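Trainee: Could we take a close look at a single part of this model, and from there work through whatever else helps to place it in the whole chain?

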Amino acid sequence: MPEIIVKPSNLKELWEMLPGLPASRRYLAGGTDIVTANNAGAESSVCWIDISGLPELAVIKETAGSLFIGSGVKISEIERSKAAARWCPALTAAIPHFASPSLRNMATLGGNAANSSPCADGVCALVAEGACALLALRGKKRRLPLKDLFLGPKRTALKKDEVILGFEIPKRPRAGAYLKLGPRAYFGISKAAVAVTAEISGGVVKRVCVALGSVAPVPLHAARTSAWLVNKKLSAETIAGASDLVKAEVSPITDARSGADYRREMCGVLLERALKSLAE
Ligand SMILES: Cc1cc2nc3c(=O)[nH]c(=O)nc-3n(C[C@H](O)[C@H](O)[C@H](O)COP(=O)(O)OP(=O)(O)OC[C@H]3O[C@@H](n4cnc5c(N)ncnc54)[C@H](O)[C@@H]3O)c2cc1C
């Protein structure tokens, strides 16, 4: 465990506190990733900054054009949110696949994103929602498309001490799906996952976003497959075409959980199933 744990009560106090803290420091939110890493000997910071009490990160709020989900909101709170259910169809579909009910009472979306695992279910769904990440460092704020936050496994575009404030999701009526293939139906890390949101009018795809988990170094925005689907009738031929295309867009590896070839095939199968469910 770290030598020091500090707990600011708001963002202003956090920025004031930073200069006096050891250089080796990390944020602690729900602790489900960082404590696990610490227990495995993979985390050795001298100081943890407990941001779980920051009120600025704990809100879900709607504006005219977007829904803001604070980075510190627990996954189980998102599960209960009517606004999230209305505006985040892929995220809503992903939540039952996210760990277990007890883990969802602790884990946050901010930790899911900052941990930058290619198999993170919450952020894969959020990429399909077209979310932006709102970031802050000593009062300076910036906004980044979420897909651009991830640089590789455990590597993000976050600067030292930069905090993810939350995620902005555009409020657009659309359908969504999240399909995850794991070692069992629930409670497992995915071998492959597909998240899709789509606006379909008269059977024609007007806008679509496909994202995939566990099949690339980052939660992947399948830009080519998404662009190809736009303005096409969501017919059996279109779905088969998208399923072929997505297999060429992913770059899975073979590891203890699955083989690369199997994962690639399953991306096609999962996308086909997801698009069929949206076409119905
Ligand atoms: C048994 C088990 C099962 C799991 N199953 C799943 C699963 O099915 N799907 C899935 O996606 N994940 C799963 N996870 C992983 C984990 O629960 C998630 O990644 C979770 O969302 C992490 O959030 P947290 O609040 O616990 O993060 P923490 O552990 O507190 O932090 C994780 C990292 O993010 C940084 N951080 C946290 N918040 C911020 C912020 N606001 N700004 C900047 N940096 C921040 C921390 O410094 C740390 O580096 C599982 C974990 C365990 C232990």
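Trainee: Where is the place of Asn231?

Mentor: Asn231 sits in the loop between helix H9 (223-229) and helix H10 (236-249), where helices, of at least four residues (H or I), and strands, of at least two (E), are DSSP runs numbered from the N terminus. Before going further, keep in mind that this is a predicted model, in which local features need pLDDT of at least 70 and side-chain atom pairs count only at pLDDT 80 or more, while totals for chains, interfaces and linings use all residues. Residues are numbered from 1 along each chain as its sequence is written, and side-chain values use heavy atoms, with hydrogens and water left out.

The backbone of Asn231 deserves attention, since its phi is positive, near 70 degrees, in a residue other than glycine. Asn231 counts as exposed because its relative accessibility is 56%; buried means under 20% relative accessible area, exposed over 50%, and partly exposed in between, with a 1.4 Å probe and protein chains only. A second non-glycine residue to set beside it is Arg138, which has a positive phi of about 45 degrees and is placed in the loop between E6 and E7. Arg138, with a relative accessibility of 45%, counts as partly exposed.

From these loops we can turn to the interior, and helix H8 is a useful guide to it. H8 spans residues 121-128, and because 8 of its 8 residues are buried, this helix is largely enclosed by the rest of the structure. Those buried residues are Asp121, Gly122, Val123, Cys124, Ala125, Leu126, Val127 and Ala128. After H8 comes Gly130, which has a positive phi near 70 degrees.

The largest nonpolar core has 39 residues, and those with the most contacts inside it are Ile69, Ile78, Leu91, Leu146 and Phe167; such a core is a set of buried Ala, Val, Leu, Ile, Met, Phe, Trp, Tyr and Cys residues joined through side-chain atoms within 4.5 Å. H8 gives the most to this core, with 6 residues. Domain 2 (55-170) and domain 3 (175-279) both contribute residues to this core, so it lies between them, the domain bounds coming from an automatic or database domain assignment. As a general tendency, nonpolar side chains in soluble globular proteins are buried together.

Cys124, in H8, leads to the matter of disulfides, each a pair of cysteine sulfur atoms within 2.5 Å. The count by this rule is 0 disulfides, and Cys124 is in none, the nearest cysteine sulfur, that of Cys209, being 9.6 Å away. Seen from the other side, Cys209 has its closest cysteine sulfur in Cys124, and the separation of 9.6 Å is too far for a bond. Both residues are nevertheless withdrawn from the surface, for Cys124 is buried with a relative accessible area of 1%, and Cys209, at 13% relative accessibility, also counts as buried.

Finally, Leu109 gives a contrast with the exposed loop residue you asked about. Leu109 lies in helix H7 (residues 109-114) and is buried, with a relative accessible area of 0%, whereas Asn231 counts as exposed at 56%. For a sense of distance across the chain, Leu109 and Val250 are 141 residues apart in sequence, and their C-alpha atoms are separated by 24 Å.
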